[in-house]
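Me: I have a model open on my screen and would like to walk through its backbone with you. Could you help me read it?

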Amino acid sequence: MSEFGCDGGRVAVIGGGPAGLMAAEVLARGGVAVDVYDAMPSVGRKFLMAGKSGLNLTHAEPCADFAARYGARRDWVAPWLAEFGARALREWAHGLGIETFVGSSGRVFPAEMKAAPLLRAWLHRLRAAGVRFHMRHRWLGWEADGALAFDTPSGLQKVGAGATVLALGGGSWARLGSDGAWVPMLAQRGVAVAPLRPANCGFDVAWSDHFREKFAGRPVKPVVATFGGLRRQGEFVISGNGVEGSLIYALSAALRDAIEAEGEAKGPPRSQDRLAAPHGGAPAALPSNSARAPGRPGGVTLLLDLAPGKTVERLTAEIAHPRGSRSMGSHLQSRAGIAGVKAGLLRECTAKEDYADPARLAAAVKALPLRLIAPRPLDEAISSAGGVMAETLDEQLMLRTLPGVFCAGEMLDWEAPTGGYLLTACFASGYAAGRGALAWLQPKRSSSAAN
Ligand SMILES: Cc1cc2nc3c(=O)[nH]c(=O)nc-3n(C[C@H](O)[C@H](O)[C@H](O)COP(=O)(O)OP(=O)(O)OC[C@H]3O[C@@H](n4cnc5c(N)ncnc54)[C@H](O)[C@@H]3O)c2cc1C
């Protein structure tokens with residue numbers, strides 16, 4: 001009998017995403033019998049979804065730059081990466097017959113830019129190594145005797161395990177399995193869990209009806225966005241509710257934190273401003289940009305440069321050029337290259353009076369203030385911030401208060417931008433937790449071998 005869970009001589013890995021499957025592989029390779037449990041009818045659903053956008057597995061930048069992507073959690077994540085980082089991940093994929101390539105941005109993708117072939121080969125190898133899969137097994141927590149409790153198609157099942165790896169994911173895209181329902185289960189057991197919050201997420205903007213109807217779904221590119229000390233060039237997409245896409249995601253942690261701080265400073269936040277709970281509902285209709293209700297937290301301002309590469313002086317001179325009988329729209333298009341959705345944004349976010357003044361209009365083109373009101377709900381985010389906190393785990397990723405129980409993947413309290421950093425940390429922490437569980441089991445295995 002282990003300290004926590006009746007010993008079935010097998011290890012239970014709960015959660016069949018990249019983190020759980022990697023832990024299962026390490027354990028199976030170490031000679032341990034492994035059962036993978038997942039609430040969904042099949043494993044790896046979010047991984048497959050990531051494959052729909054090309055499956056950015058990892059990144060080819062130098063190790064120190066790579067580790068820095070985890071911000072304040074860098075020192076926590078770095079040892080996992082040292083054991084199983086970008087290079088090891090690529091070699092591992094090659095071992096499954098999946099070639100990878102480095103894109104022009106340094107991002108690493110499988111040659112086929114899909115997740116399904118990799119997952120298929122991986123599951124085949126895991127089954128061949130003796131890993132057993134139990135689908136439609138929703139983990140409910142622990143019974144009084146320490147057994148794991150599962151809701152299954154044949155009713156409640158109690159399972160004993162020599163050790164347990166929890167790899168339950170974050171709280172976004174609940175329909176793919178990771179719904180964050182584990183948060184209260186662990187909190188009740190005294191595990192410190194930082195509230196799950198949206199990461200790599202879009203933001204609400206109070207678009208006018210006219211703008212929304214005309215431009216929702218349109219990409220804005222190229223554009224430079226500045227917030228705080230951060231400045232990034234790229235592209236984003238106008239959504240019905242606001243903005244989303246890679247440029248916004250790159251700044252989203254800073255924007256989210258600033259909006260939260262602002263909400264706290266100005267009084268109690270509205271439900272759509274704070275999304276600590278895993279099941280944030282869709283925000284109520286927001287007032288338009290021009291008619292924001294007074295007294296509400298107003299969000300933060302992102303500055304957009306709609307004409308990267310052009311100086312404000314040049315733009316001023318171009319806009320000041322006599323336009324004759326031409327409309328302002330075609331004048332801006334021919335003189336400043338501002339057309340379509342960029343012209344719409346300029347109209348949406350600039351006071352009417354500024355249109356009459358070339359210097360002010362040029363200044364707006366170079367630093368257009370876009371008010372972001374709140375992060376979109378957690379369920380829509382690419383990933384979650386928050387989760388099981390570092391201090392609650394030992395170096396082997398075992399919960400200090402629940403010996404024999406390990407945690408891995410997005411359910412841990414780290415966050416990172418897109419670029420392959422999410423999957424890499426999931427694989428790496430799964431690897432670390434698998435190794436940790438092996439080390440934990442070693443004395444028991446040695447003594448049973450001796451008997
Ligand atoms: C649209 C999209 C695109 C993405 N693209 C990329 C990308 O290109 N590159 C990148 O690095 N990252 C990407 N990500 C993020 C990446 O997919 C996740 O970070 C990663 O899948 C998390 O892995 P995980 O193993 O920790 O959790 P998950 O993959 O979420 O797996 C958790 C598993 O636990 C199971 N589970 C949860 N609760 C229970 C329970 N109570 N009982 C039993 N089972 C349970 C779930 O069913 C699920 O199978 C993307 C995410 C999304 C949503």
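Me: Over how many bridges do β3 and β5 pair?

Reply: Happy to help! This is a predicted model, where local features need pLDDT of at least 70, side-chain atom pairs count only at pLDDT 80 or more, and totals for chains, interfaces and linings use all residues. Residues are numbered from 1 along each chain as its sequence is written, and side-chain values use heavy atoms, with hydrogens and water left out. Strands here are DSSP runs of E with at least two residues, helices are runs of H or I with at least four, and both are numbered from the N terminus; two strands pair if DSSP finds at least two bridges between them. β3 and β5 (residues 107-110) are antiparallel, and the number of bridges is two.

Me: Which strands stand at the edges of the open sheet with the order β3-β5-β4?

Reply: That sheet has three strands with antiparallel pairing. An edge strand here has a single partner, so one side of it is left without a neighbour in the sheet. The edge strands are β3 (58-59) and β4 (100-102).

Me: Which helix packs on that sheet?

Reply: Contact means heavy atoms within 4.5 Å, and the helix touches β3, β4 and β5. Its direction makes about 145° with that of β4, using lines fitted to C-alpha atoms (for helices over the stretch in contact) and angles from 0 to 180 degrees between N-to-C directions. The helix is α5 (residues 86-95).

Me: Why is strand β8 described as largely enclosed by the rest of the structure?

Reply: β8 (residues 148-152) is joined to β7 by four antiparallel bridges, and it pairs with β9 (residues 155-159) over five. Buried means under 20% relative accessible area, exposed over 50%, and partly exposed in between (1.4 Å probe, protein chains only). β8 is largely enclosed because the number of its five residues that are buried is four.

Me: Is L397 buried or exposed?

Reply: L397 lies in the loop between β19 (383-388) and β20 (405-407), with a positive phi near 65°. Most residues other than glycine have a negative phi. The relative accessibility of L397 is 0%, so L397 counts as buried.

Me: And what is the relative accessible area of R136?

Reply: R136 also takes a positive phi, about 55°, in the loop between β6 (132-134) and β7 (138-142). R136 is partly exposed, and its relative accessible area is 47%.

Me: What is the omega of the peptide bond from K221 to P222?

Reply: P222 is part of strand β13 (residues 219-227). Most peptide bonds are trans. The bond from K221 to P222 is cis, with omega near -15°.
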